[in-house]
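The following exercises are to be worked through with the sequence and the coordinates at hand. Each task is followed by a solution in steps.

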Amino acid sequence: MVIRIAAVGDVHLDEDVVGRFRPALEELPECADVLLLAGDLTRHGTEAEARCVATEFGGLAVPVVTVLGNHDHQCDQVPQVVKVLEDAGITVLEGNGVVLDCAGGRLGIAGVKGFGGGFAGRCASDFGEPEMKAFVRTTTDSADRLGAALRSLDCDMLVALTHYSPVPDTLAGEPLEIYPFLGSYQLGQAIDSAPTALAVHGHAHAGTERGTTPGGVRVRNVAHPVIKQAYSVFHVGDQLDTDQVSPIGQSGSQRSWS
Ligand SMILES: [Fe+2]
Ligand SMILES: [Fe+2]
């Protein structure tokens, strides 16, 4: 029993980029049961850019499940962005989950944007000024909701989808000084609180593809500037947890984004 999961993040679509992923996306049914989008779908989170995302990722032959990223919040149009995506048939997760019936079994996906805070020995703490407490509590709340969603799903295979990173491994290549703004160990703890088979995230454009939570869960940074292809494909199953080399090659824009 194997479930095939395609994933990409940080596509940062606008009208200049829309269309570049579509040829590769049309081939998804041949290699994947579902497509996960790890946030930063847009450049500035406008409703107009969301329509570009809907054009690019709507109407595909496989289900599409996403979380939003920090860029998708930039213009304070999150409700409008979510509505455009959902009207295009894309499932938007934020502290909740969905179970999909795939040929290889029931796939549970729990998703949350996540937030920063840092990692063991180098993290912000819930102490001092109200602004610092608010920062840390945003992360704690996000991680708590991810963990609760993961533990609530009745499924055969469980995947965690975030924008911010749950581990420092996949940040390698980014400046150490900005790690606390790229993810939090609390997301990793949430992932380890359930029998998660795979965790995918984005956000760290200069990071590294592969990592592992302290509990041994496979973590993959699928930010487009990292994977340098339209999507990566991962297999999860009873006997086989593997990363597949996408047959799609180097589709998608190679321009760099902040
Ligand atoms: Fe990004
Ligand atoms: Fe981001």
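The exercises below concern a predicted model, and they begin with its metal sites.

**Exercise 1. Determine which residues coordinate the iron ion (ligand 1), and classify the arrangement of the donor atoms.**

Solution.
Step 1. The donors to the iron ion (ligand 1) are D10 (OD), H12 (NE2), D40 (OD) and H205 (NE2), at 2.0 to 2.3 Å.
Step 2. Written along the chain, the spacing of these donor residues is D-x1-H-x27-D-x164-H.
Step 3. The angles subtended by the four donor atoms run from 86 to 169 degrees. A tetrahedral site would require all angles to lie between 85 and 135 degrees. The arrangement around the iron ion (ligand 1) is therefore irregular.
Step 4. As to burial, D10 and H12 are both buried.

**Exercise 2. Carry out the corresponding analysis for the iron ion (ligand 2), and state which residue coordinates both ions.**

Solution.
Step 1. D40 (OD), N70 (OD1), H163 (NE2) and H203 (ND1) coordinate the iron ion (ligand 2), at distances of 2.1 to 2.3 Å.
Step 2. The four donor atoms subtend angles of 89 to 156 degrees, so the arrangement at the iron ion (ligand 2) is irregular.
Step 3. The sequence spacing of the donors is D-x29-N-x92-H-x39-H. D40 is located in the loop between β2 (34–38) and α2, and N70 in the loop between β3 and α3; the pair therefore ties together parts that are 30 residues apart in sequence.
Step 4. A separation of 3.5 Å lies between the iron ion (ligand 2) and the iron ion (ligand 1), and D40 coordinates both.
Step 5. D40 counts as buried because its relative accessibility is 1%. N70, at 27% relative accessibility, counts as partly exposed.

**Exercise 3. Describe the backbone and the surroundings of H203, and compare its setting with that of D76.**

Solution.
Step 1. H203 is not a glycine, yet its phi is positive, near 80 degrees. The residue is found in the loop between β10 (198–201) and β11 (210–212).
Step 2. With a relative accessible area of 12%, H203 is buried.
Step 3. Beyond four places in sequence, H203 touches D10, D40, N70, H163, Y164, F181, L182 and A223. A polar atom of the H203 side chain is 3.2 Å from the backbone oxygen of F181.
Step 4. D76, also a residue other than glycine, has a positive phi of about 55 degrees. D76 is situated in the loop between β3 (64–67) and α3 (78–87).
Step 5. The relative accessible area of D76 is 68%, so this residue is exposed, whereas H203 is buried.

**Exercise 4. Establish which residues of α3 are buried, and how they are distributed about the helix axis.**

Solution.
Step 1. V81, V82, V84 and L85 are the buried residues of α3.
Step 2. Viewed down the axis of α3, these residues fall within an arc of 160 degrees, and therefore line one face of the helix.
Step 3. Elements covering the buried residues of α3 include α2 (47–57), β3 and β4 (91–92).
Step 4. On the face turned away from the buried side, α3 carries the exposed residues P79 and D87.
Step 5. After α3 comes G89, with a positive phi near 90 degrees.

**Exercise 5. Locate V226 and identify the residues in contact with it.**

Solution.
Step 1. V226 belongs to helix α6 (residues 224–227).
Step 2. Its relative accessibility is 15%; the cut-off for burial is under 20%, and V226 accordingly counts as buried.
Step 3. When neighbours within four places in sequence are set aside, V226 is in contact with A204, H205, G207, T208, E209 and N221. One of these, H205, is a donor to the iron ion (ligand 1).
Step 4. Between the C-alpha atoms of V226 and G9 the separation is 9.4 Å, although these residues are 217 residues apart along the chain.

**Exercise 6. State which domain feature UniProt records at residues 3–79, and give the secondary-structure content of that segment.**

Solution.
Step 1. An unreviewed UniProt entry places the feature "domain: Calcineurin-like phosphoesterase" at residues 3–79.
Step 2. In the model, residues 3–79 are 22% helix and 19% strand.
Step 3. The end C-alpha atoms of this segment are 31 Å apart.

Methods:
Residues numbered from 1 in each chain as written. Chains lettered and ligands numbered in written order. Predicted model: local features only at pLDDT ≥ 70, side-chain atom pairs only at ≥ 80, totals over all residues. Heavy atoms only, no water. Helix = DSSP H or I, 4+ residues; strand = E, 2+ residues; numbered from the N terminus. Buried < 20%, exposed > 50% of the residue type's maximum accessible area, 1.4 Å probe, protein only. Donors = N, O, S within 2.8 Å, 3.2 Å for Na, K, Ca; no water. Tetrahedral: all angles 85-135°; square planar, octahedral: opposite > 155°, others 65-115°. Polar contact = N/O pair within 3.5 Å; in protein donor to acceptor, adjacent residues only side chain to side chain. Contact = heavy atoms within 4.5 Å. Arc of directions from axis to C-beta. UniProt positions renumbered as here; feature names shortened; annotations may be inferred.
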